[in-house]
Amino acid sequence: MRVNRILLSSSLIVVALVIQVSVLARLHLPGAVPDLLLLTVLGLALVYGHVGGSLIGFGAGLLADLAPPADHAVGRYALVLCVIGYLAGLVKPESGQVRSATGPMAVVVAAAVGATLLYAGVGALVGDTAARHVGLGGLLFSAALYDLLLAPFVVPGVMALARRAENDPLAENSSAKSPDLAAGWSSGGTGLRIGAQRGLRAKAARARVARAGRIKGVKRL
């Protein structure tokens, strides 16, 4: 991944995690907690594609696994967001522009349901049965509802920032300067050739002058 992608993704992920832990988790809403981290990963994956989405999802999930007050096995949410980021990146628009909000909203609902199911499935494998006590149906409905309501305020902004970071002014300046550098090299080579040609012409002129002088001297004799 490029440096601007890493910096932007890291900043957005940290901000989303802080808001989710310090604000959204303390609202004590019924059912699931609005997953701002998931929406951030989705917005970045829809711009960067499946490879970038999986890497960002893994890093974001691992950070969430390590951040307090996490009470689950480390790597559990990293696996979930890695898979979700990869799948969301597969539906990245070819032109990079989203023509309507229907597609991203469908991706948000599918990601919210899929992340909840995958998280509960991985929890069942490691012996965490909390989802059974809360009720998987209520978790699925509340997760999809909360994320769908929050998505219009998060996903478009994240995608806009990601597209803007793709147009890196440093990269554009470097690419714009490269033809000038090549032109400078070619012009320098041309200057050397022109200088050599001028030297040869001067030598030829001096030779003609000397030959003319000798001819004049012979005629005078």
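**Exercise 1.** Is Thr 116 buried or exposed, judging by its relative accessible area?

*Solution.* The structure is a predicted model, and the first step is to place the residue, which lies in helix α4. The next step is to take its relative accessible area, which is 16%, and to set this value beside the cut-off, under which a residue counts as buried when the area is under 20%. Thr 116 is therefore buried. As a last step, leaving out residues up to four places away in sequence, one finds that Thr 116 touches Leu 136, Leu 139, Leu 140 and Ala 143.

**Exercise 2.** Find which residues of α1 are buried, and state which helices they pack against.

*Solution.* Begin with the helix itself, which has 20 residues and reaches 28 Å from its first C-alpha to its last, close to the 28 Å expected at 1.5 Å a residue. Going along α1, the buried residues are Asn 4, Arg 5, Leu 8, Ser 9, Leu 12, Ile 13, Ala 16, Leu 17 and Gln 20. These buried residues pack against α2 and α6.

**Exercise 3.** Describe the largest nonpolar core, and then follow the contacts of Leu 37, one of its members.

*Solution.* This core holds 37 residues, among which Leu 37, Leu 38, Leu 42 and Tyr 48 touch the most other members. Two or more residues come from each of α1, α2, α3, α4 and α6, and the largest share, 14 residues, is given by α2. Turning to Leu 37, and setting aside its neighbours within four places in sequence, its contacts are Ile 13, Ala 16, Leu 17, Gln 20, Ala 60, Ala 64, Tyr 77 and Leu 81.

How values were computed. Residues numbered from 1 in each chain as written. Predicted model: local features only at pLDDT ≥ 70, side-chain atom pairs only at ≥ 80, totals over all residues. Heavy atoms only, no water. Core = buried A, V, L, I, M, F, W, Y, C linked by side-chain atoms within 4.5 Å. Buried < 20%, exposed > 50% of the residue type's maximum accessible area, 1.4 Å probe, protein only. Helix = DSSP H or I, 4+ residues; strand = E, 2+ residues; numbered from the N terminus. Contact = heavy atoms within 4.5 Å. Expected span 1.5 Å × (residues − 1).
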